[in-house]
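Hello,

Here is the structure for you to look over. My notes follow below it.

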Amino acid sequence: MTALIPPEGVRSVGEGLLVPPGHGKRVLTPAQDVTFKVTGEHSQVASSFEVVVPPGFDVGAHVHTRSEELFYVLEGELDVLAFEPKVRTAERWQRWESPGGRRVVRATPGTVIVVPPGCPHAFANPTDSPARMFFQSSPPPDHERYFNELLEILSAGGAPDHTAIAELRARYDIEQLTPLRHGHHALPGQ
């Protein structure tokens, strides 16, 4: 049986979507490797992505006022945060602690993290091997558009436009609390 992926923008009544392994639109930069699996063209509920997190990558603690996210670790290990800390410090979210004593955990394959709107969250790969996760964001298509526009900014040549990145984050409901880092260095604009 051959699986077909409908062209962008095409929905057939009564038919589901099947995305075979290795398929989907891929957004690749030195700091991110994201494959779109389900977009707002195919779901009214959530966008879904496969994300490869390189060694040394730290998305930085951030918060969304309207987005809900789900992360499922498929391979590797990630340090993860999904709580409001006693104090939001500008550095090292890995040291944060919640009023109830929750701390950052090491997520291994099979770990699920659910992040409701308003909840600070982060993930980082402190290991020497890539990690892979399934990532779902609701409502669509905010994260799809964010990834596409970030790729445009980073592909423009020269140093990334710090102002454009900050405006992009604000437009897509991302309040960055600690710096996004790749290879243990803050990315430009952080």
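Which residues of helix H2 (residues 162-171) are buried? The model is predicted. In it, the buried residues of H2 are Ala 164, Ile 165, Leu 168 and Arg 169. Viewed down the H2 axis, these buried residues sit within an arc of 135°, so they line one face of the helix. Part of their cover comes from helix H1 (142-154) and strand E11 (175-176). Asp 173 follows H2. Its phi is positive, near 65°.

Next, the salt bridges. There are 13 in the structure. I went through three of them.

Arg 26 and Asp 33

The side chains of Arg 26 and Asp 33 form a salt bridge, at 2.6 Å from N to O. Is Asp 33 buried or exposed? Its relative accessibility is 13%, and buried means under 20%, so Asp 33 counts as buried.

Lys 37 and Glu 50

Here the side chains of Lys 37 and Glu 50 meet in a salt bridge, with N to O at 3.9 Å. Which parts does the pair tie together? Lys 37 is in strand E2 (residues 32-38) and Glu 50 is in strand E3 (residues 47-53), so the salt bridge ties together parts that are 13 residues apart in sequence. Lys 37 is buried, at a relative accessible area of 15%. Glu 50 counts as partly exposed, at 23% relative accessibility. The cut-off for buried is under 20%, so Lys 37 passes and Glu 50 does not.

This pair also belongs to a network of salt bridges. The network links Lys 37, Glu 50, Glu 75 and Arg 132.

Lys 86 and Glu 97

The side chains of Lys 86 and Glu 97 meet in a salt bridge too, at 3.7 Å, N to O. Both Lys 86 and Glu 97 lie in the loop between strand E6 (78-82) and strand E7 (105-107), so this salt bridge ties together parts that are eleven residues apart in sequence. How accessible is each partner? Lys 86 is exposed, with a relative accessible area of 52%. Glu 97 is partly exposed, with 22%. Exposed means over 50%, so Lys 86 meets that cut-off.

Two places to start when you open the model: the buried face of H2, and the salt-bridge network that includes Lys 37 and Glu 50.

Best wishes

Note on methods:
Residues are numbered from 1 along each chain as its sequence is written. This is a predicted model: local features need pLDDT of at least 70, side-chain atom pairs count only at pLDDT 80 or more; totals for chains, interfaces and linings use all residues. Side-chain values use heavy atoms; hydrogens and water are left out. Buried means under 20% relative accessible area, exposed over 50%, partly exposed in between (1.4 Å probe, protein chains only). Helices (H or I, at least four residues) and strands (E, at least two) are DSSP runs, numbered from the N terminus. The arc is that of the directions from the helix axis to the C-beta atoms. Contact means heavy atoms within 4.5 Å. A salt bridge is a side-chain nitrogen of Lys or Arg within 4 Å of a carboxyl oxygen of Asp or Glu.
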